[in-house]
Structure formats: structure tokens, C-alpha cells
Amino acid sequence: MLPTVILKGTLIKKSQQKRRTSPCNYKERFFVLDTQDLTYSEQRPGKKPIQKGCIELSRIKCVEIVCSEAPIPCSNKYPFQVVHDNCYLYIFAPDNDCRQRWVRALKEETKCNALLLKYHPNFWMEGRWRCCYQTEKMATGCQEYDPVGYGTASKKPLPPTPDTQRRLSDPGQSVVVALQNYSPHGDTELALHKDQEYILTDSSHHDWWTVQDHRGNTGFVPCTYIAEKSCNNFNRFEWYNKDITRGRAEELLMTEGKEGAFMVRDSRCAGVYTVSVFTKAPGSNGQKNPRVKHYQIRQSEAEETSKFYLAEKYLFMTIPELIQYHQHNAAGLITRLRHPISQGRENFQSPAELSKGQWEVDPAELILGEEVGSGQFGLVLQGRWRERRVAVKMIREGAMSEEDFKEEARVMTILSHCKLVQLYGVCTQHSPMCLVFELMEQGCLSDYLRARRGRMSQDTLLGMCLDVSEGMAYLESNNFIHRDLAARNCLVSCNNVVKVSDFGMTRFVLDDQYTSSQGSKFPIKWSSPEVIKYCKFSSKSDVWSFGVFMWEVYTEGRLPYENRSNGEVVEALNAGLRLLKPRQAPEAVHLLMEWCWKEKPEDRPSFALLLHELASLSDL
Ligand code: ADP
């Protein structure tokens, strides 16, 4: 039976860049969707068209619109993606209706295929996913794929438009971001999820705008809950001060007086931005010298799409991404950007303030018991809190940057996974401050391994690696960097589950010996080359540490590079040497370790991939 044609038309296709070096380009192609294939060909006036590609529909794993603010260098501005085999095909439609027609038809034809569970809503660009920042092209998607999303949307009646006269001339052009969650009341409204992107399709009403989510569902939302995500609209960021002079910026930052207090402001030069940051770091004469430093945000040249950078060439597609990076890494600045300061701060209710109290533990509810350990921050006691057995970290005076920690506590209590040691809350009302965690009855993994040497099966060892890779894949998918992954920072529950602990905590340690890569307590033996050299932490530096963690597991708790000093380890790493295969480790596990220890971060696997590989080993 001959296939029936469902849809045809001219669209623009982006080259698939199968080879790393091939330049990407955009070509007009005539697409035909029939009941068997999606084909595209080059139209030649007066000549027979040449077929340029054909995708069997049975090979398609996902079809979805691409939600992106990235500039699109071709005339069609409405992208969608077709994922087939291991390829991502990006196609650009001339308008939103046309895009919807194609996506809906393709989804309908492929809905019974072996589909992706999760997909990437944004582009793969410049070696990473713009949605979740993963640098593995094949990394699992970060958003659930709904194969009938469009179908459902199409059956839903569209909400009434208050004033058709004032509709946007080009609806569907701008991408907006949700500033807060919003729960819809009734069918005509749409749910908003904080920080997710939507396409603004109608902004004519003064209170209620119409947006479309990544599944194609449309509905009204309060316009105060969203902000346009154009490149230069920073109003939604706490750190942005639009009309402020250099003098006033200095005054505000000096008054705040906190190390790393910062803001981004418009430079005198139109279209240029400056980061102003307060520091107490000693000046060149070694004297303490509270002052404000100003860094202009520069743009790289001679590239297809210019990128932004500050003091050193860590390049980013957007200014918010650049700021986010420097909030965690000084990377050439005098200090990392710690506290955003804005002129309107008095009126600004931060999300943390809005939900204040959620993670504050009432000391009256906390019963303290025996000591179970002690660490960098002080004693750890077991205890009870609301019918739960808990571990309570009593923070020693001067051991922790408490203000910084309190700001981060909300994020850390939100992170929740069965392979992470849960932070239940913080008790800040008394000094010393204490942190309340899930109790892990069998203590830290390195002691656990040593105590059971020679008595653990291969399954047990692999199971430990799997547990930790699961917890880490979760952190990675939330763009959260651990920074100190090691067996000593994993804990064991009463039923032998290994969980990741202490994630992100090194950022709050007030001890130079621990935080500086030159310091005697810095975990050099778990650190990747880029961390040792530039303190450049990322999920990929965590992956390096995970390789060392696997080595610890398979040597049953031996110390890596046992007889070498930190200096000798750095030298050996520079010479390309790596830890040797533990006797107990199967070859496949050793290969994974070596993969984690690739010199370049981008050559290392993601945790999502490691988890997949380890799971397939455990199936053998
Ligand atoms: P720090 O973060 O202050 O360096 P650690 O997290 O290393 O402290 O904890 C020190 C010790 O306390 C651990 O080695 C472990 O024995 C014990 N401990 C820490 N957290 C827990 C917990 N959640 N459950 C049980 N014991 C814990």
C-alpha cells in the first residue's frame, strides 16, 4: 500500500553537525510527512527536486517545540525538534500555527513508537544543552516528554481574548520566564512553574496574558508572575540596578559592607554592563582595604555568536548565566559574587523570605542525644525531631560562614532524593546554629568499608557505586555541584543504603587550609586538574571525584595515592598518571574510573550516563 501524504511544505532545517568540525547552517527544504517517512528535499527551479534526507517515522523518539531565547539566525523563528536514532533535527517554521500543525501531525504519527521519557526543551548548542547545561549530547532529557501534549491542547477551547484589536503583532515571538509558581483557577488559566520558560502569545490584556508551555498548552496567567526573557531584560534579577551611578553603587555596597556584595549596573557606555563588587581582601600592600571593584562585562569577538565574560575568559551565552557562574566561582574576580544588592531591596521580597520558616526548626521540638561523630563544623549528635531519628550538626563558633549558609539552606532543604542525606532544617535561633539531618545509623562509608574488608561481595561494591551515582545524577540534574565527593562524605543507613552527604557544604567552611587548593586540608586526591589549577568546580569535576570514590569502594576503603604527598600527586597527574586498577574491580568498572579521570572535563561522562553504565553492569 502506498503511503498517504499527511502534510507538506517549505521549512528551514538546521544541519545536524554529525561531524564536530562541520559548520552549522540553515537550509530551506521541502518537507513531506506521509504515513511512513518524513522526507526533505532541495527544490531547484525548473528542475527535479533532490531528496536530501528521509527519516522513517518508526525511528522517531520525540517531536516537540523548542522553547528558547537564543537568537535564531534564519528567517523562520519557530523551531521544533525531531529526535530520531541518536540525532536531533531542528526545523524552523515560519509561524506558530505552522509549527503546531507539524508538531501535532508528527506526534500523532509517532505516538506508539518507543519514545523518550524525557527530552530537552531547549537547543543543543556550543557543546551543551541550553536547558540543563549538561555537556553530553546524549544526556537524558530534563523534562518529561508528553507524546500527546499537543493533541490535548488542540481539543481544549482557547481562552477568550479580551481585546482582539490589541493583540501582539507577532505573537509567539518572545519567551517569558515564570517568576513564581502559579496554580490555575479554572480551565482557561495555565499553571506556571518558577523559572520555566513559556512563549508569550498574547499580551493585550493589562492583567492577564496568554502563554504557551513547552507541551503546547495555552492559558491565561497573571502578567505580574512572568517576565520577558529578552537578552537585555534583567529587571527580574535581584542583582540588577538599572539607573544607578558608579558613586551611588559604591555607597550602597560600602554600606552593606559584606564580602562579595555585588550588583550589575548599566555602564556609562550604552549597551555595556558593569559588575561592582565589595571586598575586604588585602590590597597590594598587604593591608586590609575595604573597597569596591568594578569589572566591565566584555564580549568575545569573531565568533558566530558573541559570548560574555568578565575577568578571565570563562565565556557565557547570556549575562545571567555569567553571573550565576561567578556567584559560585571567583575565577579571576577579587571574590566570588556572594550577595546581590539592589536599590529597591527594601521592597523586594526574596523567595526565601516569602517561604521563611519552612526550614526553621523549633529548638523546643528537638531532643538531643549521644555524640555520633565530629567533623569540620563541629560535633554531630543523634537526636529526635517530630518522631524522626535525626543527626544534629552543632556548628562550632567561627567554623561556618553562617549568613551564606542560611541563604542556601532553602535550596538544600528542597533537594530531596532517596540517595541524598536529607537536610530537614536548620535551627538558627540559638548559638551555636545547628543543622538537622536524616540519621544514617551506620556512619560514614569509608569506616564502613574498612570495617568489612574481605567480607563484601562484588554486588555489594557495585551497589554502593550505583547508590551514589543515583544521588549525584539527581544533583547534576539540578545543576548542583557537590565539590567534595568522597567515601568519607557518604553515609550508610540502617539497611545498608549509601547516600551522598555534605553536598555544597565546603562553600561555607571558614578555614583557608580547607578551602584553598594550596591548603593542607584541601582534598587534592579527589580533585580534578581544573579544580586544582583554577578552582573551577562543575558537575564534571564531581565526576572526577566519583572516579576516586569508586576506587575507594573497590579497594575497600584504602586511601588514594597512599604514600604520596599532595605535591607528588599533582605532579603525577600532570604527567598523565592515574590511580591503578584495584584488584577487586572488574575491567568494566576500571574503564569507567578512567573515563571519569579524563584530563578535559568535556571528555568525562555525565552522572546520568555513569548511572546508566553502572546499572547495565549490575544487570549482567
Ligand atoms: P562535617 O561536615 O562537620 O565535616 P561530617 O559530615 O564529616 O562533619 O560528620 C562527621 C561524622 O559525624 C561523620 O563521619 C559521621 O560519622 C557522623 N555523621 C555525620 N552526619 C551524620 C548523619 N546524618 N547520620 C549519622 N552520622 C552522621
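**View 1. β24 gives the most to the shell around the ligand, with 4 residues.** This is a predicted model, so local features need pLDDT of at least 70 and side-chain atom pairs count only at pLDDT 80 or more, while totals for chains, interfaces and linings use all residues. Residues are numbered from 1 along each chain as its sequence is written, and side-chain values use heavy atoms, with hydrogens and water left out. Strands are DSSP runs (E, at least two residues), numbered from the N terminus. At least two shell residues each come from β24 (366–375), β26 (388–394) and β28 (434–438).

**View 2. The ligand has 17 residues around it.** A residue joins this set if one of its heavy atoms lies within 4 Å of the ligand. Gln376, Phe377, Lys393, Glu438 and Asp502 are the closest. By type, the shell splits into 10 nonpolar, 4 polar and 3 charged residues; Cys and Pro go with the nonpolar ones, Gly with the polar ones, and Asp, Glu, Lys and Arg are the charged ones.

**View 3. Polar contacts (pairs of N or O atoms within 3.5 Å) at the ligand.** A polar backbone atom of Gln376 sits 2.7 Å from a ligand oxygen. Lys393 brings a polar side-chain atom to 2.8 Å from an oxygen of the ligand, and a polar backbone atom of Glu438 is 2.8 Å from a ligand nitrogen. On its own the ligand has 540 Å² of accessible area (Shrake-Rupley, 1.4 Å probe), and the protein covers 87% of that.

**View 4. Cys427, a cysteine in no disulfide.** With a disulfide taken as two cysteine sulfur atoms within 2.5 Å, the count is 0. For Cys427, the nearest cysteine sulfur belongs to Cys434, 4.3 Å away.

Conventions
A polar contact is a pair of N or O atoms within 3.5 Å; within protein, one must be able to donate a hydrogen and the other to accept it, and residues adjacent in sequence count only if both atoms are side-chain atoms.
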